[in-house]
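Look at the structure below with its aromatic side chains in mind. A pair of aromatic rings is described by the distance of the centres and the angle of the planes.

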Amino acid sequence: MDLVPQLSAGCTNCFGTGDVTVVKKQTCFEPSIGEWKLEMSELTYDLPVGLRGQCLKPENSDMQSDKSLQMKRRRAQIYEDGEDCKIECIKYRCSVCCFNTAGPCVSAHLLQNAIRIMELQPGGLLPVCEKSNIIEDGSYLAEFLLEKGYEVHGIVRRSSSFNTGRIEHLYKNPQAHIEGNMKLHYGDLTDSTCLVKIINEVKPSEIYNLGAQSHVKISFDLAEYTADVDGVGTLRLLDAIKTCGLINSVKFYQASTSELFGKVQEIPQKETTPFYPRSPYGAAKLYAYWIVVNFREAYNLFAVNGILFNHESPRRGANFVTRKISRSVAKIHLGQLDCFSLGNLDAKRDWGHARDYVEAMWLMLQTDEPEDFVIATGEVHSVREFVEKSFKHIGKTIVWEGKNENEVGRCKETGKIHVTVNHKYYRPTEVDFLQGDSTKARQKLNWKPRVTFD
């Protein structure tokens, strides 16, 4: 048996900060033919850095000898947001943990309880995917549409490492990356020629533009790039539809954002609330919003903006605050981390679950007339509250001491400082409060969130 670690990048398919592509040669039993066979495959998995080199053992099973494990495929099942995330175990380690030859075994039950802390519970189509990876929403949307019988086509950016971790399970054959009803095309929102080529080839009936540089803080550092992808990229996509002569046959969904409201002009925010973006990301999305409206009015294109407030899931990028908190608390629980840093603890957001929100995207395209909708829960919680509730899931109470950048979160039970404030995580212009009013969506789409904050 040979395991060759190759690439390290970043995805969140299995709760990680980096992924590892493994070329695996394994002898395993194939029940369909009743024979043992040699299997060659290349897989990309992800696991927290601190857990690399360790094994995920199936519960209620004893470790077997190396020889028997070489002849038998074993799986550990980890509950992730109502799904089974299956990781193949080889010898005394998971295939993602190939940096070490052996390590202590972490049970699936322990990982389940530690990692899942404070995670929110539970044709032709061309969903356009984020620049760096198949995005959180894109993976849930692809699942949703495949279940409804769609043929799903996705645009993915060329990368030196595999960037399909969140949709690996949707391949007809995940090991060999053989496509079924989900088909991927190399493309880029900065390349209008490739967009025209793909749309002309696929001739989709629905297009979901989820592509963006979507990190608000990073948009201050990558302002021009964010404008090119998030703003002008939307125009390129709309122009491609027009160039291909599909104005009268395509329905177009644009992923808009609550960051449009920025310095809020009224509470709560609804479809008629004036926009006041406070970041390059928000400004780029504002252009995208209005160019969608313009194409709708100028060319009678069925085009809608979904103004989605914050929505989270275990597939959220690791550098977004909710995942950063939940993953850090999990590592503290496992003894792999003592303390982590955050920015504005008093920022308040309207948080929902990504799976609920992708259903709303689809519903917007099933209406008779195109309209823009706010999608939100209507509940508001602060980052500080998110931290407190996360620690409660591991039996710790956080007590806050100090003010501003000198504030710390101390564990009441142990006296240890687990949370600090770092100015580098503050935005140059903060958005302090966002609360959505989704009354229109509830009435016209019959949509409502199923997953609560708690």
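The following paragraphs go through some ring pairs and then two charges placed over rings.

This is a predicted model. It holds twelve aromatic pairs. One of them joins Phe275 and Tyr289, whose ring centres are 5.0 Å apart, with 80° between the planes. Because planes over 60 degrees apart count as edge-to-face, the pair of Phe275 and Tyr289 is edge-to-face. Along the chain, these two residues are 14 residues apart, and their pair links distant parts of the chain. Phe275 belongs to the loop between β13 (251–257) and α7 (280–299), whereas Tyr289 is in helix α7 itself.

Are these two residues buried or partly exposed? Phe275 has a relative accessible area of 21%, so Phe275 is partly exposed. Tyr289 has 7% relative accessibility and therefore counts as buried; the cut-off for buried is under 20%.

Tyr289 also pairs with Trp290. The centres of their rings lie 5.0 Å apart and the planes are at 90°, so this pair is edge-to-face. Trp290 counts as partly exposed, because its relative accessibility is 47%. Ring pairs connect these residues into a cluster made up of Phe261, Phe275, Tyr289, Trp290 and Phe309.

Rings can also be looked at together with charged side chains. The ring of Trp362 has the charged end of Lys148 over it, 4.3 Å from the ring centre. Over the face of Phe302 lies Lys251, at 4.6 Å from the centre of the ring.

Terms used
Residues numbered from 1 in each chain as written. Predicted model: local features only at pLDDT ≥ 70, side-chain atom pairs only at ≥ 80, totals over all residues. Heavy atoms only, no water. Phe/Tyr/Trp six-rings, centres within 6.5 Å; stacked < 30°, edge-to-face > 60°. Helix = DSSP H or I, 4+ residues; strand = E, 2+ residues; numbered from the N terminus. Buried < 20%, exposed > 50% of the residue type's maximum accessible area, 1.4 Å probe, protein only. Lys NZ or Arg CZ within 6 Å of the ring centre and 35° of its normal.
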